[in-house]
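Biologist: Hello! Could you walk me through this model, please?

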Amino acid sequence: MKIMITGAGGFLGSRLCEYFGTESDYEVIQTHRGQPNLSDREELLHFMDKNKPEYLIHCAAISNLSSCEADPDGSYQVNVKDSLHLAEASVKCGTKMIFCS
């Protein structure tokens, strides 16, 4: 089973990658900051269509409150719009999405 994990370098994402990476039944597709660009709908859709994950565990976010306050527009892009792009791509690719917030 293929599982795509966004935010693979973050606190939760890295632990999920470690957990699922040790289980032989799973192929983990790790995404890190900008790889793919979650703000680019076409790039994201192409990435997901190419890799065909059955499940997406979305852990990518800006969680630091100070960072969110310092850059509200950037935080909105990452935490809201990019999440929406992932949801839309998941529907188009038939991927089940789990959103961790």
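Modeller: Here are a few questions and answers on the sheet, the helices and the aromatic rings. This is a predicted model, where local features need pLDDT of at least 70, side-chain atom pairs count only at pLDDT 80 or more, and totals for chains, interfaces and linings use all residues. Residues are numbered from 1 along each chain as its sequence is written, and side-chain values use heavy atoms, leaving out hydrogens and water.

Biologist: In what order do the 4 strands form the open sheet?

Modeller: Strands here are DSSP E runs of at least two residues, and helices are H or I runs of at least four, numbered from the N terminus. Two strands pair if DSSP finds at least two bridges between them. The pairing is parallel, and the order is S2-S1-S3-S4.

Biologist: Thanks! Which residue in S4 stands opposite leucine 56?

Modeller: Strand S3 covers residues 55–58, and 4 bridges join S3 to S4. Opposite leucine 56 stands methionine 97.

Biologist: Is phenylalanine 20 buried or exposed?

Modeller: Buried means under 20% relative accessible area, exposed over 50%, and partly exposed in between (1.4 Å probe, protein chains only). Phenylalanine 20 has 13% relative accessibility, so it counts as buried.

Biologist: And how are the rings of tyrosine 19 and phenylalanine 20 arranged?

Modeller: Rings of Phe, Tyr and Trp (its six-membered ring) pair if their centres lie within 6.5 Å; planes under 30 degrees apart count as stacked, over 60 as edge-to-face and the rest as tilted. The centres of tyrosine 19 and phenylalanine 20 are 5.1 Å apart with planes at 80 degrees, so the pair is edge-to-face.
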